[in-house]
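Please look over the sequence and the model below with attention to the interior: the packing of side chains, the enclosed spaces and the cysteines. The report that follows takes these topics in turn.

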Amino acid sequence: MNSRLLDHCCAITDGTLTAEALADLESILRANEAARRDYIDFMRLQSLLERNEIANATLAPMPITPTRRSRRSRVRSVWYAAALAAVLTLALTVWFILPRENTTTPSDTDSPTPHSFALLSTCSNDAVFNIDANPVASLNPGDALTPSPIRLQAGSAQVMFNSTTVVDLRGPCTFQPLGPNHARLTAGSASVYVPRRARGFILETALGVRIVDLGTAFEVTQRPDGKMAVVVTEGKIRLESDHDRFDPLVLTSPQRAVVTTDGLIQSQHSPIAAAEHIRLWNTAFDGPVSEFRSDDTVALIPESIVTDLAGKTLAVVPPTVGRIARFDREKGSLRVDRPLDAYSLVFHPASGSVENQVKLTAVVEFDRPIVGLIVSPQAIKSSNAWFASSDSFIRNGSSSLEDDADQIIVSDDHRTLTLHLTARTGADHLRVLTESASTDSPQPHSESNQSEGSTQGDVR
Amino acid sequence: MDTTDQHDQFMRLFIQHQPRIYAYIRTLVFNRADAEEVLQEVASVLWRRFEDFTPGTHFDRWAFTIAYHQVLYHRQKARRDALMLHGDLVETLADQAAEESGRLDEFRDALSECVTQLGATDRDLLSRRYESGANNRSVASAVGRSESAVSRALHRIYRVLLECIRSKIESPGGAS
């Protein structure tokens with residue numbers, strides 16, 4: 001193979017091809033058929049290596065690391081994990097990428113052939129499943145799912161549909177694949193990501209409310225009391241009622257809505273006023289939160305909607321009216337199974353250093369009562385699993401609130417926090433718990449924010 | 001034929017021809033992620049139009065035609081400053097790639113043999129390079145070498161593999 005041609009081919013795969021090299025490559029390829037054959041062979045080699053199409057064991061096994069990734073990369077990671085693990089057959093590879101048309105109607109479950117149109121792509125080590133009330137001892141990644149309800153009793157799991165729609169389930173929840181791009185959530189919480197090619201995914205919820213994807217990602221929680229809360233994290237969705245209890249309603253990111261047991265829209269909220277620094281709970285917290293640094297802004301991050309503590313006892317600082325000045329203790333506890341909303345509040349000064357102490361005053365209002373605060377890094381970390389992903393804690397960057405430097409003042413009506421925070425190198429981090437959105441969604445917003453030695457700004 | 005039979009038939013054909021279809025697309029699309037996206041689109045279109053396919057004819061030729069149009073569509077959508085081969089060259093390469101697609105099986109067999117002849121270090125490098133999401137930089141970081149050293153090593157490996165494959169294919173009896 002001509003050396004120049006090989007250099008250009010390698011530059012293509014390395015992503016370093018220049019315009020000049022492209023022009024030279026084109027002249028070589030135009031010149032003769034043999035060069036074109038060499039080029040085709042090179043790209044054929046790439047195709048076989050990329051898709052691991054060479055015979056078994058000729059290359060070392062590819063490591064598979066089931067890590068939590070950004071949503072956009074998840075589909076691909078699942079693809080590769082499946083392919084490289086050699087757990088799935090080639091047929092399954094095709095199954096992944098083969099959307100079938102006209103298969104998103106409720107009659108899918110009536111099909112006489114029990115086609116599988118979804119598979120379990122990943123699950124946590126502590127995941128416990130029941131299917132049709134029968135304990136399933138070995139539902140493993142790669143297993144095909146039939147249109148039977150799956151109860152995830154504990155842990156988390158990811159289901160990938162034929163259409164490439166991905167649904168993350170958090171136990172306890174009950175979920176049923178109905179078709180290649182169609183499912184039902186009758187209890188618990190799920191995060192749904194619908195790639196462009198799978199647009200139109202339908203999620204049925206209890207009480208005849210349907211969520212129709214319009215190119216999106218969204219969070220949904222079906223509560224035991226029948227209420228359903230949904231928040232759009234990307235793109236938009238349409239809510240529909242089987243019983244025409246309400247007109248179809250389009251929600252765009254990051255709007256949320258709560259549907260009552262009567263199947264009526266109880267509340268619909270506009271975007272939460274915290275601007276670009278808001279990151280919804282299922283995004284990678286390590287990145288955006290850790291990267292967020294400002295001397296005059298507090299990051300306010302909604303972590304979840306309608307969180308049931310599910311039997312857990314949570315130690316908190318009770319929302320004592322007035323100044324909270326001692327942070328060396330976690331007093332009080334919340335009633336189990338109490339639905340809550342949680343917000344992370346982070347102050348991480350950009351110019352903070354051992355020598356430079358940065359002070360900030362911020363006021364954050366909620367339209368639901370604050371029921372508790374979690375303030376120490378240890379307690380925030382230990383409560384992550386209930387309110388956010390397990391890696392939402394700011395590793396090595398979060399510091400305890402200090403009795404002599406930081407103050408939190410709770411208003412008489414428990415709806416307003418006034419923060420006087422001081423930080424040098426780390427981040428002040430606290431978790432705010434409010435009454436649940438399912439009854440009347442909280443909508444925090446800030447009023448003012450002043451930092452010493454900096455311009456006045458908005459928390460928003 | 002009912003939908004289930006049709007689906008099963010399609011699955012069999014697509015499974016059989018998927019490596020050729022991907023290799024064909026990869027020849028025409030510089031970027032790996034783009035090529036995989038085009039493959040997914042092609043699969044979707046093939047299934048939607050499967051009723052147009054005449055059983056007993058060449059599924060791969062039919063798939064190449066659809067893949068070619070999907071590649072053209074992909075090029076239209078690409079950024080204006082994206083580097084791409086000129087259209088006439090794409091057409092020429094597409095024809096030649098389709099013509100030579102029957103060689104893929106023996107090419108793959110030869111590659112399998114040739115990879116086993118690489119040294120352990122080279123196989124390890126190749127394995128790392130084709131992990132999901134890997135690139136020369138990540139490989140360099142993993143093996144403690146410079147990016148340019150990894151790039152040079154991979155260039156050498158590609159050359160060795162291509163020469164080995166060609167010698168096996170062209171030798172009497174071809175690749176085993």
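## Contacts of Leu85(B) and the nonpolar cores

In this predicted model, Leu85(B), once its neighbours within four places in sequence are left aside, is in contact with residues of chain A, namely Leu22(A), Leu25(A), Glu26(A), Leu29(A) and Tyr39(A), and also with Phe30(B), Arg75(B), Val90(B) and Leu93(B) of its own chain. Leu85(B) is also one of the residues with the most contacts inside the largest nonpolar core, a group that includes Tyr39(A) together with Ile21(B), Tyr24(B), Ile25(B), Leu46(B) and Phe59(B).

That core has 79 residues, and its largest share, 10 residues, comes from helix H8 of chain B, which covers residues 147–170. Apart from this core lies another, of 37 residues, among them Leu139(A), Phe161(A), Leu169(A) and Val192(A). In soluble globular proteins, nonpolar side chains tend to be buried together.

## The largest cavity

The structure holds 4 cavities of 30 Å³ or more, and the largest of them encloses about 70 Å³ of space. Its lining draws on both chains, with Ile40(A) and Arg44(A) from chain A, and Arg20(B), Ala23(B), Tyr24(B), Thr27(B), Phe64(B), Ala97(B), Ser101(B) and Leu104(B) from chain B. The elements giving two or more residues to this lining are helix H3 (33–50) of chain A and helix H1 (3–28) of chain B, and H1(B) provides the largest share, 4 residues.

By class, the lining of the largest cavity consists of 6 nonpolar, 2 polar and 2 charged residues. Tyr24(B), which belongs to this lining, is also listed with the residues that have the most contacts inside the largest nonpolar core.

## The second largest cavity

The second largest cavity, with a volume of about 60 Å³, is lined by residues of chain B: Glu37(B), Val38(B), Glu41(B), Gln70(B), Tyr73(B), His74(B) and Lys77(B). Two helices of that chain, H2 (32–48) and H3 (59–77), each supply at least two residues of the lining, with the largest share, 4 residues, coming from H3(B). Here the lining divides into 2 nonpolar, 2 polar and 3 charged residues.

## The disulfide and the other cysteines

Which cysteines form a disulfide? The count over all chains comes to 1 disulfide, and the pair is Cys114(B) and Cys164(B), whose sulfur atoms lie 2.0 Å apart. The torsion about their S-S bond is about -90°, so this disulfide is left-handed. Because Cys114(B) lies in helix H5 (residues 104–116) of chain B and Cys164(B) in helix H8 of chain B, the pair ties together parts that are 50 residues apart in sequence. Helix H8 of chain B is also the element that gives the largest share of the largest nonpolar core.

Both partners lie under the 20% limit for a buried residue: Cys114(B) has a relative accessible area of 2% and is therefore buried, and Cys164(B), at 12% relative accessibility, likewise counts as buried. Cys9(A), by contrast, is in no disulfide, and the nearest cysteine sulfur, that of Cys10(A), is 6.9 Å away, whereas a disulfide needs sulfur atoms within 2.5 Å. Cys9(A) is nevertheless buried, with a relative accessible area of 0%, and Cys173(A) is buried with a relative accessible area of 0%.

Key:
Residues are numbered from 1 along each chain as its sequence is written. Chains are lettered from A and ligands numbered from 1 in the order in which they are written. This is a predicted model: local features need pLDDT of at least 70, side-chain atom pairs count only at pLDDT 80 or more; totals for chains, interfaces and linings use all residues. Side-chain values use heavy atoms; hydrogens and water are left out. On a 1 Å grid over the protein atoms alone, a cavity is a set of points where a 1.4 Å probe fits but cannot get out, and a pocket is an open set with protein on both sides within 12 Å along at least five of seven lines; lining residues have an atom within 4 Å of a point. Grid points are joined across faces, edges and corners, and a volume is the space filled by probe spheres set on the points. Ala, Val, Leu, Ile, Met, Phe, Trp, Tyr, Cys and Pro count as nonpolar, Asp, Glu, Lys and Arg as charged, and the others, Gly among them, as polar. A nonpolar core is a set of buried Ala, Val, Leu, Ile, Met, Phe, Trp, Tyr and Cys residues joined through side-chain atoms within 4.5 Å. Buried means under 20% relative accessible area, exposed over 50%, partly exposed in between (1.4 Å probe, protein chains only). Contact means heavy atoms within 4.5 Å.
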